[in-house]
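Trainee: Could you take me through how to read helix packing and a nonpolar core in a model?

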Amino acid sequence: MEYRNELKFQLDFMDIQKLKYRLEAFLDYDENQKGDFYTVRSLYFDDIYDTCLFESESGVDNRKKYRLRIYNGDLDVVHLEKKCKLRGMTKKITEEIPLEECRKLAAGKPMKKGGGLAQELGYLMQSRNMTPKCIVEYDRCAMVNHVGNVRITFDMEVRGTVHTDCFLAGGKERFDFVMAPGMHILEIKYDELLPEPILRAVNLEHLQRQSISKYVWVRQKFKGQRSRA
């Protein structure tokens, strides 16, 4: 996958509802979405120097983050992902891994088998002491348009925890919200150009683009607390 444009904004609930209404004329809801949203849960890794955290906070170019990801608590499909950022654009590399291997990674142990991404993370776990640091979770509503490969998501109720041992557990009693009450995230991803009808519907001139990292927010929220694998 090539690098794509990615724009991020903070919106309140009413603005999100208005924007979704305008976009329904040009975009379809993600076919995997059943109901109003689906829940995304990610377990993020970082090294002994907190390199990923530092680079994200500092806006370093050409950076990457590693994470495990599940949807709607479904453990039948677990993804290992690397998200890369270069010159303000992003790409995601994904491998599906068995639950047994996911349990090892979540416990801070390298996988014994897997594809190139699993081997890459395993090397970093051994050479740079990369371990699970925090969990990020949110409810996502996704809309798509194949023209321009556009994907617009609304990430709501962003929450997290440093209790990494509950990544594969169902409960979220140890999760805390990390955004101001009533605020949520709009993300716009596209290849080269955002189609004109969608551009008009979103009305970017009235939105303030922001540098948003859910991983950074959770780490900052629990600054001083150590992850518990």
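The dialogue below turns to the core and then to a pair of helices.

Mentor: This is a predicted model, in which local features need pLDDT of at least 70 and side-chain atom pairs count only at pLDDT 80 or more, while totals for chains, interfaces and linings use all residues. Residues are numbered from 1 along each chain as its sequence is written, and side-chain values use heavy atoms, with hydrogens and water left out.

Trainee: How many residues has the largest nonpolar core, and which have the most contacts inside it?

Mentor: In soluble globular proteins, nonpolar side chains tend to be buried together. Here the largest nonpolar core (buried Ala, Val, Leu, Ile, Met, Phe, Trp, Tyr and Cys residues joined through side-chain atoms within 4.5 Å; buried being under 20% relative accessible area with a 1.4 Å probe, protein chains only) has 42 residues, and those with the most contacts inside it are F45, L68, L80, I97, L105, L121 and M130. Apart from it lies another core of 20 residues, F9, I152, L186 and I188 among them.

Trainee: At what angle do the axes of α2 and α6 cross?

Mentor: Two packed helices are described by the angle between their axes and the distance between the axes. Helices are DSSP runs (H or I, at least four residues), numbered from the N terminus, and axes are lines fitted to C-alpha atoms over the stretch in contact, with angles from 0 to 180 degrees between N-to-C directions. The axes of α2 and α6 come within 10 Å and cross at roughly 110 degrees, which makes α2 roughly perpendicular to α6 (65 to 115 degrees).

Trainee: Which residues make the contact?

Mentor: Contact (heavy atoms within 4.5 Å) is made by C52, L53, S56 and E57 of α2 and by Y215, V216, R219 and Q220 of α6. In α2, the residues C52, L53, E55 and S56 are buried.

Key. Buried < 20%, exposed > 50% of the residue type's maximum accessible area, 1.4 Å probe, protein only. Helix = DSSP H or I, 4+ residues; strand = E, 2+ residues; numbered from the N terminus. Parallel < 35°, antiparallel > 145°, perpendicular 65-115°, else oblique.
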